[in-house]
Amino acid sequence: MAETTRDSSCVYTNPDAPVEARVQDLLSRMTLPEKIGQMTQIERSVASHDVLTDYFIGSVQSGAGSWPFEDANSSNWADTIDGFQRSALASRLGIPIIYGTDAVHGNNNVYGATIFPHNIGLGATRDPDLVKRIGAVTALEVRAGGIHWTFAPCVAVLGDPRWGRCYESYGEAAKIVSEMSSIISGLQGEPPEEHPNGYPFLAGRNNLVACAKHFVGDGGTDKGLSEGNTIASYQDLEKIHVAPYLNCISQGVCTVMASFSSWNGSRLHSDYFLLTEVLKQKLGFKGFLVSDWDGLETISEPQGSDNRNCVKLGINAGIDMVMVPFKYQQFIEDLIDLVESGEVPIARINDAVERILRVKFVAGLFEYPLTDRSLLPTVGCKEHREVAREAVRKSLVLLKNGKNVDKPFLPLDRTAKRILVVGTHADDLGNQCGGWTKTKSGQNGKITIGTTLLDAIKAAVGDQTEVIYEKIPSKETLASCEGFSYAIVAVGEPPYAEMRGDNSELTIPLKGNNIITSVAEKIPSLVILFTGRPMVLEIPVLEKTEALVAAWFPGTEGKGITDVIFGDYDFEGKLPVSWFKRVDQLPLNAEAILYDPLFPLGFGLTCNSG
């Protein structure tokens, strides 16, 4: 029978004892309900002192848009999470929770945090060192709010831009994605050379547990459907979609998240071959594998039916921690019953709990369970915003510069007498940041602290320059076009995430093409596209515009754009994904004989060399 009290002589409470000895000592003291509690992750809104202590909950998370209250800052978050942690520590064995969040481009759920370009933009930088620094900045800002774990990075290799999570991918080539996984060494710290491959690593209290996701093939689904089916041989799956995980595991990534998608019709959440034989055995991953949100429910048809069987299949396939997030009581009851009936072996439970405890010990949660409030001043600080501004600069891809090669349009003259700025994305921080900002699908408007493109333009131009802004250009303004030296047109996609972003047409929303042509046929125009992927560029847009820039979803630091368009820095970005001519070409394959994009993978002009 497990002991009823904690003892300072227990091996697991000794910070100097080897991690594996601490894991085995603690595991030997745990009851079955305590073990299954560790495998359970619940949502913040249902967490309470009684729930955390009565069910021995191992993890709590915030769904996107789930805050203590709207516009809660990092100090408010720390108060909330430390409260949960104190409850967990009051349980019989005092096992701390690990608190998780979707900090996928900065601590994007928290008001005032630094928001970086989404991954598609970072892929355009081709700069692993920059991405590593972004990881280190993100870790500080997330840890400042008491959070220990981010569900990032997404290392999906993009197969089709119709996918609603396109912008969460670093690109369509496994090599690009693998290189950008350097963010893990920024988030978690860089392991020493002698660190065992596959063993989880965390450098210290200023670092953040990372999660490589979504294992595996999520970016390769047929027609780009979210949670769809990736049709591929194992050889192709390994070459394309498994490949980035090798780099993640070599960096000591602590956790991996299973994908909602299927591989050749087999749901990933119940695929023993991929989750256990490939990930854990072949690749040697020693951290823990977490489900996606209610991921076990996706195993059954229709989804959500026969929960008990879903739990059985998912746990036996190799899922270690289950993101329930609300039906935790049913999950715990089902899993206890499955173990007692022999349908889930106790060895599988022990393996899952060992992995979870290993990460908690490696992360130092037993020694430092509460927030380090000294990190609070780092949130949204000037130094961090400068890193984000650099990332914006390097992510911009110049697609066109002048109707004639001999007459480049950029850089713009910052001393021009009169400038017209128009478009749905020129003065909208929410549109500039995209999805997974404040809420899952994002919001438009001034949703956090940052600098819009219009703010940045006004700050960049000369004192004598008049900047006229109209969200939608008026007939009167267009009729008086002779008075403008040039126009800057900012259009693109509104924020979205996951299934809501699946798009079979990929035309510029909000009448974007019409806005572009109405201005460009009257005034020499630079068009800046704020999108999570390539979009259909109609012939009039390509012909009438003087210059065209892909800015992706750049985040809060709009001055990174003006740094480049006014010539303080040159363009450096290269397309991380092929830019198609027509949707009926999709999916494009850069290695195919009949590859015929509008702009190929790797394309990107510069002002200096064209």
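In the loop between S11 and H12 lies Pro325, and in this predicted model the peptide bond that leads from Val324 to Pro325 is cis, with an omega near -20°. A second cis peptide bond joins Lys213 to His214, where omega is near -5°, and His214 has its place in strand S5, which covers residues 211–215.

Val324 also takes part in the lining of an enclosed space, since the structure holds eight cavities of 30 Å³ or more, and the largest cavity, with a volume of about 160 Å³, is lined by 14 residues, of which Glu297, Asn307, Val311, Val324 and Phe331 are the closest to its centre. At least two lining residues each are supplied to the largest cavity by helix H11 (307–317), strand S11 (322–323) and helix H12 (328–340). When the lining of the largest cavity is divided by class, seven residues are nonpolar, three are polar and four are charged.

Among the open spaces, the largest pocket encloses about 800 Å³, and 31 residues line this pocket, with Gly159, Glu172, Ile240, Leu588 and Asn589 the closest to its centre. Two elements, strand S6 (229–230) and helix H9 (234–250), give two or more residues to the lining of the largest pocket, and H9 contributes the most, with four residues. The lining of the largest pocket consists, by class, of 15 nonpolar, eight polar and eight charged residues. The second largest pocket has a volume of about 240 Å³, and of the 17 residues that line it, Asp292, Trp293, Trp436, Lys440 and Glu498 are the closest to the centre. In the lining of the second largest pocket, seven residues are nonpolar, three are polar and seven are charged.

Considered as a whole, the protein has 20 helices and 17 strands. Its radius of gyration is 25 Å, close to the 25 Å that the globule rule gives for 610 residues, so the protein is as compact as a globular protein of that length. Along the principal axes, the C-alpha atoms fill a box of roughly 85 × 50 × 45 Å. Of the 610 residues, 64% count as buried, and among contacts with a separation of 6 or more, 78% are made by residues 24 or more positions apart. Helix H1, which spans residues 19–29, offers an example of burial, with Arg22, Val23, Asp25, Leu26, Leu27 and Arg29 all buried, and the cover over these buried residues of H1 includes helix H2 (32–38) and helix H13 (346–362).

Individual residues outside the helices can be described in a similar way. Tyr595, found in the segment after helix H20 (559–565), has a relative accessible area of 21% and is therefore partly exposed, as it lies between the limits of 20% for buried and 50% for exposed. Apart from residues up to four places away in sequence, Tyr595 touches Ser578, Leu588, Asn589, Ala590, Pro600 and Leu601; of these, Leu588 and Asn589 are also among the residues closest to the centre of the largest pocket. Phe484 is found in the loop between H17 and strand S15 (486–492), and because its relative accessibility of 7% is under 20%, Phe484 counts as buried. Beyond its neighbours within four places in sequence, Phe484 is in contact with Arg418, Ile419, Leu420, Ile468, Thr477 and Ile523. Tyr595 and Phe484 are 111 residues apart along the chain, and their C-alpha atoms are separated by 40 Å, while a separation of 38 Å is found between the C-alpha atoms of Phe484 and Leu130, which are 354 residues apart along the chain.

Positive phi values in residues other than glycine are found at Asp71, where phi is near 60°, and at Lys223, where phi is also near 60°. Asp71 is located in the loop between strand S2 (59–62) and helix H4 (74–89) and is partly exposed, with a relative accessible area of 38%, whereas Lys223 lies in the loop between S5 and S6 and, at 52% relative accessibility, counts as exposed.

With regard to confidence, the average pLDDT of the protein is 96, and 99% of the residues score at least 70. Among the elements, helix H17 (residues 475–479) has the lowest mean pLDDT, 93, and strand S10 (residues 288–290) has the highest, 99. Over residues 1–5, however, pLDDT stays under 50, and the model has eight contacts beyond four places in sequence for this stretch. Where pLDDT is low, the predicted coordinates should not be read in detail.

Terms used. Residues numbered from 1 in each chain as written. Predicted model: local features only at pLDDT ≥ 70, side-chain atom pairs only at ≥ 80, totals over all residues. Heavy atoms only, no water. pLDDT = per-residue confidence, 0-100. Contact = heavy atoms within 4.5 Å. 1 Å grid on protein atoms, 1.4 Å probe; cavity = no way out; pocket = protein on both sides within 12 Å on 5 of 7 lines; lining within 4 Å. Points joined across faces, edges and corners; volume = space filled by probe spheres on them. Nonpolar A, V, L, I, M, F, W, Y, C, P; charged D, E, K, R; others polar. Rg over C-alpha atoms; globule rule 2.2 N^0.38 Å. Buried < 20%, exposed > 50% of the residue type's maximum accessible area, 1.4 Å probe, protein only.
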